[in-house]
Amino acid sequence: VKELIENAIDASATEIKIYLEDAGLKKILIVDNGYGMSKEDVGESWKPHTTSKIADEHDLHSIKSLGFRGEALSSLAAVSTLTIQSRPPETRTGFSVTIKDGSLCQSSEVGMPMGTSIQVEQLFSRLPGRKKFLKPPQVELRHTIDVVNHFALSYPSIRFMLSHGKKTILDYPPTDARIDRIEHVMGPTASSLFIPLSKSTSYISASGYIAKPQLNATSQNKQYIFINSRKVSDKRIATAVKGAYGTMLESTRYPLFILFLSLPFEMVDVNVHPRKEQVDFLNSAFVCQAIKQFIAETLAENNLIFENLSWKRTGVGLSNSYAGKVLKNTVLDTESFSGNEKVTLLQFQKLYIIVSSKSEIFIVDQHAAHERILFEKLKKEFIKQKEKKALFKLPKPIALKLSAAESVTLNEYLPLLQRIGFVLQSTIMTHVPLLFQDRDPRELLMRYLEDLEQGHTNVVDNASEEMLAFLACRAAVKAGDELAEYQMKKILVDLETVPNNATCPHGRPTRIGIPIDQLNALFKRT
């Protein structure tokens, strides 16, 4: 689908329609209204090493087209039944060829509008070794939606339509306003969370949109980089963008952005990757530094440099929340505990608990340790409620506004979401897990969809654990809280009873031990 769309765009199409059956395994049909091919070119286009896009050696060093017509067609002709129909503007009829098993089996004139139609049938049907490595149809469909969305973002003036079976999944009308296309692709609320970017130097210009810090993700799936209108993946550029956000994002979160870069074609090598999904630069350090500066300046101009707006920093507290009531017997607010073990305790800087025994000294981070204790309690409660199907009915049903890819994910994993505790009728949400009744239900579900898109379907998946970790962090004792001896003892004893107690839910160590022999060595007592 990617290669055939590139051919349509190179042919100056203003409308591209994609029809799929069985996620493309049974049939792929792509119809465009570009300038089409002559009878002679149609007859040659499916053969190996043929192209109409390279005229001389200079074109190889300054590639302006998205692909070479012939690359995809010859490969498809070898692994499917391929039908190519095309008509240029100067003729009244088109020409059609059908290739099967890599051999021409039919050719004829055909009545058709100007443009090109390419149909791929029974992909890999004669190559079971290749076919078995394909993902399930719903996953392949999501990948195809991603491909179409990439082109739709880069070429807003082109109409893109994608249908699967008898259902139209995408239909993006042409527009002169890129932000309109972004809302079509990423959802109707995207524009309110994006900041426009437009910067340039003598050799590089950047435009597009960067997300406000509260719109972030656990993966880089929603980072779009286009170089001279070509969608690419580039870890160097992604790292430069995140570096510009600095402390506005946690280390495990990634910013969302749609970045369009324009460079002289001679400065970009697009042939370093077989599918042209990665590029190389004459001076990558210069490009990345310029991008980092562009992002930092744009954030500063919008007064976002010193304020962390992460969604995790907002919302109701725990004291009157349902989760707070679940934790009421674990928060250290009574003097009901008495420990039996004889240890020496000292709170240092209202931050660490120093514990000495006969053979070792422990330094315990009071917040990290308590956070792990509360997290495990919440996790246990969440699993118990899920098994009981304990749900909270929303006071008012919420209508979800989803992108096409999110809708496909929702439909695919709807039974799993219902087992977790979400009740949905189509895109109307009526219930959420009981433990999360005080959270923003829309935000919570979007975290789940993001998690599911990456294939995480654990009993308590990443989105759940992220929310539980947030609640535990809010309820745990903080750095600067003064603790009584009984409270320090309770933290130490409880920490020993929970799993994964070496770190807090965010990965920081809960304690560090120094054996007596290491102390002796430090003081040269051997």
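A nonpolar patch of about 350 Å² sits on the surface, formed by F348, Y352, I363 and I512. One of these four, I512, belongs to strand β24, which covers residues 511–515. The structure here is a predicted model.

**The chain as a whole**

The protein chain contains 17 helices and 24 strands. It has 526 residues, and 48% of them count as buried. About 26,200 Å² of the chain is exposed, and carbon and sulfur atoms supply 52% of that area. Now take the contacts between residues at least 6 apart in sequence. Of these, 68% join residues at least 24 apart.

**Inside the chain**

In soluble globular proteins, nonpolar side chains tend to be buried together. Which residues have the most contacts inside the largest nonpolar core? They are I5, I9, I16, I84, F160 and M186, in a core of 56 residues. Helix α6, residues 137–154, gives the most to this core, with six residues. Apart from it lies another core, of 35 residues, which includes F382, F422, F470 and A476.

F160 deserves a second look. Set aside its neighbours within four places in sequence. F160 then touches, among others, I5, I9 and I16. Further contacts of F160 include V148, F151, A152, Y155 and L170. D171, Y172 and R181 are also among the residues in contact with F160.

R181 leads to helix α7, residues 178–186. In this helix R181, I182, V185 and M186 are buried. Why do the buried residues of α7 line one face of the helix? Seen down the axis, they fall within an arc of 115°, so they share that face. Just after α7 comes G187, with a positive phi of about 110°.

M467 is another buried residue, at 3% relative accessibility. It is found in helix α15, residues 462–475. M467 and R447 are 20 residues apart in sequence. In space, their C-alpha atoms are 9.2 Å apart.

**Charged pairs**

Side chains of opposite charge can pair when their charged atoms come close. How many salt bridges does the model have? The count comes to 19 salt bridges. Three of the pairs are set out below, each with the distance between its closest N and O atoms.

| Salt bridge | Closest N and O atoms |
|---|---|
| K199 and E301 | 2.5 Å |
| R236 and D234 | 2.7 Å |
| R372 and E376 | 2.5 Å |

Start with the salt bridge between K199 and E301. K199 lies in strand β9 (residues 194–200) and E301 in helix α9 (residues 284–301), so the pair ties together parts that are 102 residues apart in sequence. Are its two members buried or exposed? K199 counts as buried, because its relative accessibility is 17% and the limit for buried is under 20%. E301 counts as exposed, at 53% relative accessibility.

Next, R236 and D234. R236 is partly exposed, with a relative accessible area of 32%. D234 is buried, with a relative accessible area of 6%.

The pair of R372 and E376 sits within one helix, α11, which spans residues 366–388. The two are four residues apart, so about one helical turn separates them. Both R372 and E376 are buried.

Salt bridges can also link up. E15, K17, R159 and D171 are joined in a network of them. D171 has appeared before, as one of the contacts of F160.

**Positive phi outside glycine**

Two residues stand out for their backbone angle. Q349 has a phi near 60°, a positive value in a residue other than glycine. Where is Q349 found? It is in the loop between β18 (344–348) and β19 (352–356). Q349 counts as exposed, at 60% relative accessibility.

K524 has a positive phi of about 55°, although it is not a glycine. K524 is found in the segment after α17 (516–522). With 72% relative accessibility, K524 counts as exposed.

How values were computed: Residues are numbered from 1 along each chain as its sequence is written. This is a predicted model: local features need pLDDT of at least 70, side-chain atom pairs count only at pLDDT 80 or more; totals for chains, interfaces and linings use all residues. Side-chain values use heavy atoms; hydrogens and water are left out. Patches are made of residues with over 30% relative accessible area and no salt bridge: like charges are joined within 9 Å, nonpolar side chains (Val, Leu, Ile, Met, Phe, Trp, Tyr) within 5 Å. Accessible areas come from the Shrake-Rupley method with a 1.4 Å probe; for residues, only the protein chains shown count as cover. A salt bridge is a side-chain nitrogen of Lys or Arg within 4 Å of a carboxyl oxygen of Asp or Glu. Buried means under 20% relative accessible area, exposed over 50%, partly exposed in between (1.4 Å probe, protein chains only). Contact means heavy atoms within 4.5 Å. A nonpolar core is a set of buried Ala, Val, Leu, Ile, Met, Phe, Trp, Tyr and Cys residues joined through side-chain atoms within 4.5 Å. The arc is that of the directions from the helix axis to the C-beta atoms.
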